[in-house]
Each structure stands twice: as C-alpha cells, then as structure tokens.
Amino acid sequence: MADLVGPRVYSCCHCRNHVCLHDDIISKAFQGRNGRAFLFSHAMNIAVGPKEDRQLMTGSHTVADIYCRDCREVLGWKYERAYEESQRYKEGKFIFEKAKIVKENW
C-alpha cells in the first residue's frame, strides 16, 4: 500500500490507511449515504467493487462501491457512467463520505 508523506492526506477512519489527498478534491458539495461527501479526482489504496446502476439525487448512474484495501470498510463509490450529459464530469471520479475519512498531517 502506498504511504503518503506530506500535508493534507485523508485516511480511512477505521485503520488510518491513506486513501486520498486534499489537493484532489473537486467538490465538497455532495451527499453520501450517511451525510456529506466529497468528490475526488483520484484515490489510492482502495478496492473497487462490482458495477451497478443506482438512482442518485442527480439521476441514474453506474457506480461501484469503493473499499479500504486494508480493512475493507466501504468508504464511498466510484462513478463509472453518468447517463445525463450534465453529469458526465463525474465519470471516473470518487465519492468519499466525510464520516468515513479522517484528516492526517494537517
């Protein structure tokens, strides 16, 4: 697993495995299953589950849950496909639920 050295890293709230960087945040204005969520351009040390179609607040999307590679905690999901043109910017991006990640080195 990649271990990051430097400021503003987010880690899994359960095992402290580094999963994303603050600099990769695209938006903090997202809603997860359990509250606020952040949209990230990149993720690391995660596993991606099977793809499935879900009806989300912004329409129909094909998504895959993302898991911490260390402890297998579900941290959010990856947007695989957006069916509405206005939502296509999300494709290939990652949602991390705020309650599932913690700040490291801030």
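1. A starting point for reading the sheet: two strands count as paired if DSSP finds at least two bridges between them. Please also keep in mind that this is a predicted model.

2. With that in hand, look at strand 7 (74–82) and strand 8 (residues 94–97). The two run antiparallel to each other and are joined over three bridges. If you would like one contact to find on screen, try Lys-78, whose bridge partner in strand 8 is Phe-94.

3. Now step back to the sheet that holds this pair. Six strands form an open sheet in the order 3-4-8-7-6-5, and the pairing is antiparallel. Which strands are at the edges? They are strand 3 and strand 5, each of which pairs on one side only. From one strand to the next, the twist averages 30 degrees. As general background, the strands of a sheet pair through backbone hydrogen bonds, either parallel or antiparallel.

4. The UniProt record, in an unreviewed entry, lists residues 8–105 as "domain: Yippee". In the model, this span is 61% strand and 0% helix. The C-alpha atoms at its two ends lie 6 Å apart.

5. Next, have a look at the largest pocket, which holds about 170 Å³ of space. Which elements give two or more residues to its lining? These are strand 3 (25–32), strand 5 (46–56) and strand 7 (74–82). Strand 3 gives the most, with four residues. The edge strands of the sheet, strand 3 and strand 5, are thus both named among these contributors.

6. As for the chemistry of that lining, its residues divide into six nonpolar, four polar and two charged. Among the lining residues are Phe-30, Arg-33, Met-57, Trp-77, Tyr-79 and Lys-90. Gln-31, Gly-32, Gln-55 and Thr-58 also belong to the lining.

7. Two loop residues deserve a look for their backbone angles. Arg-16 is not a glycine, yet its phi is positive, at about 65 degrees. You will find Arg-16 in the loop between strand 1 (9–12) and strand 2 (18–21). Asn-45 is likewise not a glycine and has a positive phi of about 55 degrees. Asn-45 sits in the loop between strand 4 (35–40) and strand 5.

8. Are these two residues buried or exposed? Arg-16 has a relative accessible area of 47%, so it counts as partly exposed. Asn-45 has a relative accessible area of 5% and is buried, because the cut-off for buried is under 20%.

Definitions and conventions: Residues are numbered from 1 along each chain as its sequence is written. This is a predicted model: local features need pLDDT of at least 70, side-chain atom pairs count only at pLDDT 80 or more; totals for chains, interfaces and linings use all residues. Side-chain values use heavy atoms; hydrogens and water are left out. UniProt positions are given in the numbering used here, feature names are shortened, and annotations may be inferred rather than shown by experiment. On a 1 Å grid over the protein atoms alone, a cavity is a set of points where a 1.4 Å probe fits but cannot get out, and a pocket is an open set with protein on both sides within 12 Å along at least five of seven lines; lining residues have an atom within 4 Å of a point. Grid points are joined across faces, edges and corners, and a volume is the space filled by probe spheres set on the points. Ala, Val, Leu, Ile, Met, Phe, Trp, Tyr, Cys and Pro count as nonpolar, Asp, Glu, Lys and Arg as charged, and the others, Gly among them, as polar. Axes are lines fitted to C-alpha atoms, for helices over the stretch in contact, and angles run from 0 to 180 degrees between N-to-C directions. Buried means under 20% relative accessible area, exposed over 50%, partly exposed in between (1.4 Å probe, protein chains only).
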